[in-house]
Amino acid sequence: MNLYNIKDKSEQVSFAQAVRQGLGREQGLFFPEAIVPLTDVDALLALPLAERSARIISHLLGDEVPASKVSELIDAAFTFPAPLVKLKDGTYALELFHGPTLAFKDFGGRFMAQCLATFRTNDKITILTATSGDTGAAVAHAFYGLEGIEVVILYPKGKISPLQEALFCTLGGNIRTIAIDGDFDACQALVKDAFDDEALKQAIGLNSANSINISRLLAQVCYYFEALAQLPRSERHKAVISVPSGNFGNLTAGLIAKALGLPVKRFIAATNANDTVPRYLKTGQWEPHQTVATLSNAMDVSRPNNWPRVEELCRREGWALETLGSGMRSDAQTRDALKRLHQLDYLCEPHGAIAWDLLGEQLAEDEVGVFLCTAHPAKFKESVDEILGLDVPLPAPLAKHAALPLLSHNLPADFGRLKAFLLG
Ligand SMILES: Cc1ncc(COP(=O)(O)O)c(C=O)c1O
């Protein structure tokens, strides 16, 4: 697989190099040079998740990695299912939270860890990543205990749920976590600054596990196929998939699946009040506001990192950006949506509820709605309990970590201080 840097097309790399490097020059994102449609989508949809996913990834990677190796990586990473659950209103929830850290990030995080362990060349690797909540846990658990790989995770202090924090800030070992005085965009900016510092990069073998790393996105492509595989055949071409969006990696993966020939009719980019993209799609003006804290905190992103990939793919495929559905939900609307979902006997959390609510608004009569449930409701126990008057039981992995002490460091949003920490 060849990839180019969207900001500087003369920088071309292999998949292995893109995995190792994370970001290209000028903080440019790598993107596959070609996405050749699969010829046998129906046959693929008949296969089990892991086998199908290995074939999709193998098709994307071409002859760079032997098919048997790809199968090994997928078998080690995709050890849990992604069930499609039909709700009483006829819509479908794709539950992506059955992995070890109870969020969709387990797919990408675990596949990336496998790739990096396979393609590494450096003696020392430091994974530096920013999280708005769930990436941290997925990355920490995927890399925990991997020899020679140090992981440093930045997160906005006080802006992620206590349970999210407990899940990745209590591990210790090769996982260090830093609560930053700032929002997620500030954390993301620090990661970018670190990548701009050549000396630092060399000294600590810097890599990132954010959705800027292409391996994570490729893994996420696979669960869109899983969604359609579980739909009745007659409904597949009518599927509209609503994607709770923050950094827009998830939506990018869905669009790559479509470019590969998955017959999704269209997508809806669903955001909270941090609605830079829905406003942009409506007005053509890119005007990020100050990030605001919401109930769906993992989507509190006003400068989505992956947006250039969405634009690049749409341009290449000849898809007008206006064909992308989008919309935002306030916290009040999110609370209301959670309650209405509960009345349908479906227990959801704020991110998935936003995606479901926008389906309700935008789905046409002859369409079939699928929304992505990106986290287990217990991961947002505080708000779900309060809104629904419940006491959602903690699944075992959460209960175990919730009882452990937090091991996080604290730093201001200051690159000099972060650099000193990383070198020290
Ligand atoms: C629970 C949850 N839902 C949705 C998202 C948004 O996904 P993306 O950043 O790929 O748009 C995230 C990202 O952190 C998340 O953790």
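A residue is called buried when its relative accessible area is under 20%. By this criterion, in the predicted model analysed here, helix α6 (residues 134-143) has 9 of its 10 residues buried, so the helix is largely enclosed by the rest of the structure. The buried residues of α6 are D134, T135, G136, A137, A138, V139, A140, A142 and F143. Their surroundings consist of both helices and strands: the buried residues pack against the helices α5 (105-119), α7 (162-168) and α10, and against the strands β6 (125-130), β7 (149-156) and β8 (175-181). Just after α6, G145 adopts a positive phi of about 80°.

Helix α10 (residues 214-230), one of the packing partners of α6, also packs with helix α3 (residues 49-61). The axes of α3 and α10 are 9 Å apart and form an angle of about 130°. Angles that are neither under 35 degrees, nor over 145, nor from 65 to 115 count as oblique, and α3 and α10 are therefore oblique to each other. The crossing of α3 past α10 is right-handed. On the α3 side, the contact is made by L49, R52, S53, I56, I57, L60 and L61, which meet L218, A219, V221, C222, F225, E226 and A229 of α10. The residues of this contact comprise 11 nonpolar, 1 polar and 2 charged. An α-helix has 3.6 residues a turn, so residues three or four places apart point the same way.

Another buried position is found in helix α18 (residues 415-423), which contains L418. The relative accessibility of L418 is 0%, so this residue counts as buried. Leaving aside residues up to four places away in sequence, L418 touches L128, L154, I178, L190 and L411. By contrast, A67 lies 40 Å from L418, C-alpha to C-alpha, and the two are 351 residues apart in sequence.

The cysteines were examined for disulfides, and a search of the whole structure gave 0. A disulfide requires two cysteine sulfur atoms within 2.5 Å. For C169, the closest cysteine sulfur is that of C187, at 11 Å, which is too far for a bond. For C348, the closest cysteine sulfur belongs to C373; the distance is 4.2 Å, and this too is too far for a bond. Both C169 and C348 are buried: C169 has a relative accessibility of 1%, and C348 has a relative accessible area of 3%.

Key
Residues numbered from 1 in each chain as written. Predicted model: local features only at pLDDT ≥ 70, side-chain atom pairs only at ≥ 80, totals over all residues. Heavy atoms only, no water. Buried < 20%, exposed > 50% of the residue type's maximum accessible area, 1.4 Å probe, protein only. Axes fitted to C-alpha atoms, helices over the stretch in contact; angles between N-to-C directions. Helix = DSSP H or I, 4+ residues; strand = E, 2+ residues; numbered from the N terminus. Left-handed = near helix turned anticlockwise from the far one by under 90°. Contact = heavy atoms within 4.5 Å. Nonpolar A, V, L, I, M, F, W, Y, C, P; charged D, E, K, R; others polar.
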